[in-house]
Every structure is written in structure tokens, then in C-alpha cells.
Amino acid sequence: SMRERERDRVFTSLCVRSPRLCAFPSKLSKTGTKYVKAVLVHRMFSLSQSAAALCICVGSFSDPEDLPGLAHFLEHMVFMGSEKYPAENGFDAFLKKHGGSDNASTDCERTIFQFDVQRKYFREALDRWAQFFICPLMIEDAIDREVEAVDSEYQLARPSDSHRKEMLFGSLAKPNHPMTKFCWGNAQTLKHEPKENKINTYERLREFWKRYYSAHYMTLTVQSRETLDTLEEWVREIFIKVPNNGQPRPDFSNLQDPFNTPDFNKLYRVVPVRKIHALTISWALPPQGKHYRVKPLHYISWLIGHEGAGSILSVLRKKCWALALFGGNSETGFDQNTTYSIFSISITLTDEVYNVIHKIQKIEANEFHYQEQTDPIEFVETICENMQLFPKQDILCGHQLMFEYNPEVISPALALLTPERANLLLLSPEHEGRCLLKEKWFGTQYSMEDIPQEWSDQWAGDFPLNPSLHLPAENKFIATDFTLKTPDCPQTELPVKIIDNSRGRLWFKKDNKFKIPKAYIRFNLLTPLIQESPENLVLFDIFVNVLAHNLAEPLYDADVAQLEYKLVPGDHGLVIRLKGFNHKLPLLLNLIVDYLADFTAAPDVFSMFAEQLKKTYFNILIKPERLGKDVRLQILEHCRWSVIQKYEAIMKNLTVDDLMQFVTKFKAKMFVEGLVQGNFTSAESKEFLEYFVERLQFKPLEAEPPVLFRVVELPQKHHLCKVQSLNKSDANSEVTVYYQSGLKNLREHTLMELLVMHMEEPCFDFLRTKETLGYQVYPTCRNTSGVLGFSVTVETQATNTDFVENKIEEFLVNFGEKLTNLTDEAYQAQVTALIKLKECEDTQLGEEVDRSWFEVVTEQYMFDRLSKEIEALKQMTKAELLSWFMGHRGAEGRKLSVHVVGFGKEENNQPEDDQTSKSSSYGEVSKLTFLPPTSALAGATMITDIRAFTSSITLHPYHKILS
């Protein structure tokens, strides 16, 4: 895939023995012996997964001018078989068989490959994987097919505003600078144009691989429980065969100041895909990577992005001008490379301010010292990239720690952030019809104009500073007590119930495994009020948004101090989630409850979020995959209100009085259920629930509130619901074929997991690799409010979705034959892989908490579900698996197909060019357009009135998976 531009912070683990850095000779070249650098990591925890990652210092900057996207295409192609292991999907099949996964990503100057697998199979997986860098096949037939996957990835990215902004921004660089390159690649640049220009893409791919996939450009990280000596022996044996061409590594550091051009310091108005008003102010700075020990942009972004009292966002929020503000540099290749670094401030604006336009080290150290383990595959990816960026003494923590404070490094960067050097990018739907320019690759409509002289004069003048702006005050949320508490009750392996009465229920488990001074607190405030009407659902959404808004400033310091909190409007209640250092977590929870008890909503704040939610619902519905889910669940779950109905409700001019009446009812009666895990005692935990009761003074509910929906029992036939996409400029379609199993117990749910695990690799191989129907193809195990089923989904650019469904049917027939002929050995290997995944020890407390919380919110309370599933797996047979699959097929099958049909053309998969049309690209989303089937699906029963269909069939009772 193309490298995601926003990257989560990844922390290195402390639970490792000192890693070993070694270099070993690769294949000899004419220039002599060169070396592959490797880091070997031995984990002391008994993790059953091993992982490896390899980073090559070549990316899309090295694309040839006549083959845009070649680096990205090569990243795809090397996976498709090798001389030693020629099966085209052999590596994926091997990983799926043994509980593993893999991925790869192409950035501007680096390409990263990574995989994980059960430790038992790590040596063989490492050898299979290494062949992609030793002797990949890259046969011509596979090249023609994989171009379609690259093109599908491009088409899926095309409706993304963030990707569109990047491509537009890159186009502003100096001519011939690599920032202007089309890094994605598509069928046009990699297939059609090369044929017209008599370019042999096959030969050029092999040339690119020989030139750039060279050992001395590569860094490797492996992590496993084997000894460092064993890991070093394996790596030397396997990777010594990686060829080395002895040529100098790609270097673009001489191409400085790519945006020192008149086109940069302008105001760009952009028509976004989503309904959003946003302003991005960007500065192009000299490359800052060399200052990683100081990280000057971190200091600046911390001050600008601060959200507490006295901050820029605080002032803008109080004026109801902005909803969010982000400042900084994501440190991905687009934002920071050897030619420049970007510093951006992005502000999500309200309607009101858009009309006006027509303005640390201690915390890092605490987190580093007490951090939790990361997944092995994430850890090795980070470290192998760090090896390309930092000297060996800093490869574990160079991306995270601020080693030095040096004003002489920070000040020059700050001095460059002046108005006359800024680029302004203003996104708004209001620009539609006024933006006559079009970005070449993503079709973004935009206009360019000089920054108004009035603005420039104001910025250059001597204006008074806003007295509301000031530096952050001392942070009262920074933890200072890291003592591990002494238990006040018997230690248990599973959560236990410590409170159960008419107002609430509390589950508790003192951590005795990870032994870190952190904890998780979760509460669910349940009430049937939420699901009474679409209007209530909308008021609930506004309520949670306004509450979060009210808390944003007073609790921003908690966020800075690594205490995380989240308010989630669930289907049946308000979910409050907290985690972090336990010392100050009670202070955080009490403040949230206080603001909930004393809830207020100013009319302008209410209006701001009502308008924003209109855009949010719209932006959900224009995505084919979200619309498909909305339609599917509206059919399956009785009394579920759809996003379309919520959109209709919010357009009815609800008032702040409606909101306050809803909140009064919400707080009057509820049932509060919670879970506390980590470094707390049971007595402290009880105080949390008691504080809810004390502050909110709520009464008990008359009846137990539902936590699930009732689900329809699909008839034993094929039903099809086919709707038009609600985004007229989106070429993407989605087809999901769902088979309902019904009310089943734990054994069948585990059997379904095993079935889908068997299905994953054949599904990818058949529908993507061979049939090239789309980039995203996948089977899913479905638990719909306790009712079991499975589905196969294809996200495609084909507008003939009936053809795609028939290909899914063809795959399922093929898969049934594969299951029939499955060997005992292959069956048992998959069972073992699933058992190993379920036995895999948690790398952090949060994984255990997530499982426990699922049991609490669904009120099933089977906290040892994993062990019961493992026992069920050990008793299953191959015949049972085949019988289970075949039972869903044929005349007995309960099948529902949901198609969301995009607006792409049949040929070349391009969305229609709407430039000459006067109609808005922002379509009406409050009504579904149902489409008829073609003759290819003539036997299907059409659903064109969802409510009429669901009211005519049987409902399953509420169901929990317990036995």
C-alpha cells in the first residue's frame, strides 16, 4: 500500500534483552563485500508470535519519469512468488495457515515490508519472505493482473480529502522535483500509457528491482523468543544471498527548497469530497531530520496545538469558530524527507467562521519508562526504519525521546514560520462552482489567488496580542506516584462482581501480570431513551459532542499527561473510557462526572454541533462501505434507526431546549455498569461507581435495559438489496454477500471463525489476484447482536455489481471443492494456528481489558471465553467444518446481498467527469435509490422497501452466546 501519512506513536518495548546490532556480508559484488544491517531482538515475555521487518531506502521519489508509481507497483509485485517458492500466493497462504499476517508500504524515500507468524514457523517464513529480495519471479502474467490491484488501491484513495490535499500540495513544488511525482500509480500510468509508448513495464520492473533492491540499502529487524545467537545464525544463513549491486544509494538531499516558488505562497480554495470547512496553513522548512535529538518541531507543535486555557484553540472555541486544531509534522515521507520538512496547522472550522473568512520532556520520559509492549509486527517495522534514520545508539528511541533542549536549533525553525512564507489551503463545499482548476491525478477542483493585500498588511502591522493567549499553566494531571498497590481482596484470574444493585453493577480485577502503575476504567450509562426515536439518537449525539466540547479545555492537561479519556455514544448508552497512570485517573473521572451532572449547552455551541453533525452524517453516507453497512444492519436489526433517518431528523430544526429536555430525562433514570482493571484496589474502584450515583442522583430503571437489538430471521432464499451510491463523484462500488446461521452457541461461533480463517487466503487469491475485482476483498465472521453469520465483501470499481456477486458465488463453489479435498494435515494446521492465536499472551493490559469489556457491554460475562473456544476447537473435525459450510449453501441457505453501486464508467474505471455539469456533486443523502437486478441475478428476491420487508418476517429473540 501507499504509506499512511498519519502514523500512530509507536513505543519501543522495555521487555527485551539488549538487542544485538550486527552486519553480515551479502552476495559479493564487483565492488567488494557490502553489508546488510540487522537488529536482533529477544523478547523475554512468552509471546508465541515472531516478527520481521525490512526497510529499503528507496521509494516513490525514485520513480522514473515515464512510469509514475513504479516503486509502489514493485512493492506489490515482489510478493507474487519467487524462484525457490514459485506459488503466486504461497507466502500469504503459508502465513494464514500458521496464524500470521504481512504488509508492505511505499513512502517517498523508503519501502517497508513486514510480517508476523507463530514462532514455530518463523525460520521457514523468514526464508520464504527473504526470497522476495533474493529472487522474486515477477512473471508477466502476474504483472498484468496486479496492475489492477494497484489501480483499485488508487481508486479507493481517490475520494479521500487527505490524499487529495497531498497530491495538490505536491503539485506546487518546483518542476521536476520528486514531490511533484504521482506516487500511487494506476492502470493509466503502469499499463495503458506504457503500451502506447512501447514501454516494457516487465523489463523496467526488473531493472528497478536490480538497481534499488540492493543489500547495502537494506535494514532488517527480527524479533522472537529464540536466543540472539540463533537469530543471528538464521539471518546470516538466509540473507547472505541478498544481491548487492554496489551502486550508490538514492540521494535527493541536493534538491532543497522544493517550494521556493511563487505558486506556494498563495491562497488555494479547494472543493472537498466531504462536507467540511477546514483551513490548513503550511510552511516549507529545511529538512529537520538531522535534529532528531532536539526535535524542534515537537516543541513548536506542542505550544500551537495546546488545547487548554490560554491556547489558540481555546480562544477559537469560545468564539464558536473552530472544532479542532492540529499542528506539527507527521514525520512520514511526505511531511519530512531529505529535501524539506513541512510544518502545518490544520483547523476544522465552523460555518460561522467560514463566513467570517469570506487567526514536555517529563511527560515523554514517564511514558517511555512505563510503556506497554507493542505488537511484534509494529515494533520491528519501527526499528528497521529507525536504522535508516538514526545512529545505532539511538535506533530504539530516536523516534520518541527528546534527548536535548537546544534553543539554538528551535529558534531558526520558529523564525521561518512567518505569514509571508505561508501557504493557505481553504476547504469548503461553498467553493463548488467557483474552482475552475483541476488537479491531474485525483481530480480535485481548486482555485489559486494571491493572498489579499488587506490580510498581508494586517499581518505585517504592529497589532496587539490577544490577552486571552498565554503559555500553559502547571499540569495537575502529571503522575508522581508510581507505587504498585497492595491488593485488598483475593487475587483472581478473571474480573469479579463487587457491586450489584438496582442502580449499577461493577466488575473488578487487580492486575497481577503486567505490574505497571496504570489502569483502565470503563462505564456504560444505559437507558432505553436513546433508541426511542431518530430524534433522540440525534440529540444523544449532540449531547455527547457538547459534553466533550465542555471538557476539552479543562481536561486537555490530562491528555498531555498521557491520561486518555473518550466519550462514546453507544447504541444503548453513553460509554466513558479512561486509561493511563492510575495516580490521577480518579481526578479525571470525577471531573467528567461533574461536568455530566452540571451539563449546560449555550445556544451557539448547540448550533455549531448541530451543523457539524449534518456534515458528519452526510460524510458517512457518501462512503460506499458505510452506506452498505447502514443498509445491511437496517435490514437485519429490528428497530435500528439508520444514519439516513438520523440525517432526516437533524434537518428538522431541533432546538437547544429539545436537547436540555433530553439530557434531563437521560440523567433522571439509568443503569450504570462498569469495569476497573489495573493498579487499583477494590475499595477505590467502588468509589468510582458510588460517585456516579452521588453526583447524578438518578433513579433505577423500571426494567432491565436492552444491550442488543432483536434480529430478523432471514427466509431460506436469496434476497438482494441494491442501492445507488450517494456520492456522484465516486467510482467505487461495494458488494457484500451475507449468509445467516441463526441462534448458535459458542461451539458454532468458534467453528465459523475457523471457516473464515480457511477462507481468507483463497478469497484473496481468487477474487483479487486472479479475477482482479478490487483491492479490498475479504470474508468476515459476523456476530450481529448475537446472531451468527458470515459474509464476503468486494470493494470494486466495477459498476456491474451483479457480475461481481456471481464471481463471489463462483469463489464459494470453488471454496466448497477446496474444503471437500482438504487434507487432514492442512485442516489440523489451520486448527492449530487458530488455537495458537487464541493462546497468544496479551502484550499489554489493554488487550485483556477489551475482551473483558466486550463481555460486560453485551452482558454475557463469559470472561474465560477464549479458553472455552480453545477446548471447542480441539474437539472439532474436518467433516464438521465441511458440513457447517455446506449447510449455508443451496436451497437451505439464508442469503442476503447488499450492493452499493458507484458512478464509475465500465471502461478504465474512471469516475464521470462532471466538469461540464451544472448539478452539484453533493447529492441528496436522505433517500435511497433502489436499483433493479440484471438478468445475472434474476432469481433473487428484491428488497426495495426495507421496513415492509422486515415487518413481514419472523424476529429472533434476544440471544447471548453462553453455552
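How much space lies in the second largest cavity? The points below take up this question along with the overall form of the protein.

1. The model under review is predicted. Its secondary structure comprises 30 helices and 27 strands. The radius of gyration is 28 Å, close to the 30 Å that the globule rule gives for 963 residues, so the protein is as compact as a globular protein of that length. The C-alpha trace spans about 85 × 80 × 70 Å along the principal axes.

2. As to burial and surface, 60% of the 963 residues count as buried. The protein exposes about 39100 Å², of which carbon and sulfur atoms supply 51%.

3. As to charge, the protein carries 109 positive and 129 negative charges. The mean positions of these two sets are 2 Å apart.

4. The second largest cavity holds about 60 Å³ of space. Its lining consists of Phe79, Gly81, Ser82, Tyr85, Ala87, Glu88, Gly90, Phe91, Arg128 and Phe132. Two helices, H2 (90–97) and H3 (122–134), each contribute at least two residues to the lining of this cavity.

5. Val605 belongs to helix H19, which covers residues 603–621. With a relative accessible area of 8%, Val605 falls under the 20% cut-off and is therefore buried. Leu563 lies 42 residues from Val605 along the chain, and the C-alpha atoms of the two residues are separated by 26 Å.

Note on methods:
Residues numbered from 1 in each chain as written. Predicted model: local features only at pLDDT ≥ 70, side-chain atom pairs only at ≥ 80, totals over all residues. Heavy atoms only, no water. Helix = DSSP H or I, 4+ residues; strand = E, 2+ residues; numbered from the N terminus. Rg over C-alpha atoms; globule rule 2.2 N^0.38 Å. Buried < 20%, exposed > 50% of the residue type's maximum accessible area, 1.4 Å probe, protein only. Areas by Shrake-Rupley, 256 points an atom, 1.4 Å probe, with all protein chains shown as cover. Lys, Arg positive; Asp, Glu negative; His and termini not counted. Charge placed at Lys NZ, Arg CZ, Asp CG, Glu CD. 1 Å grid on protein atoms, 1.4 Å probe; cavity = no way out; pocket = protein on both sides within 12 Å on 5 of 7 lines; lining within 4 Å. Points joined across faces, edges and corners; volume = space filled by probe spheres on them.
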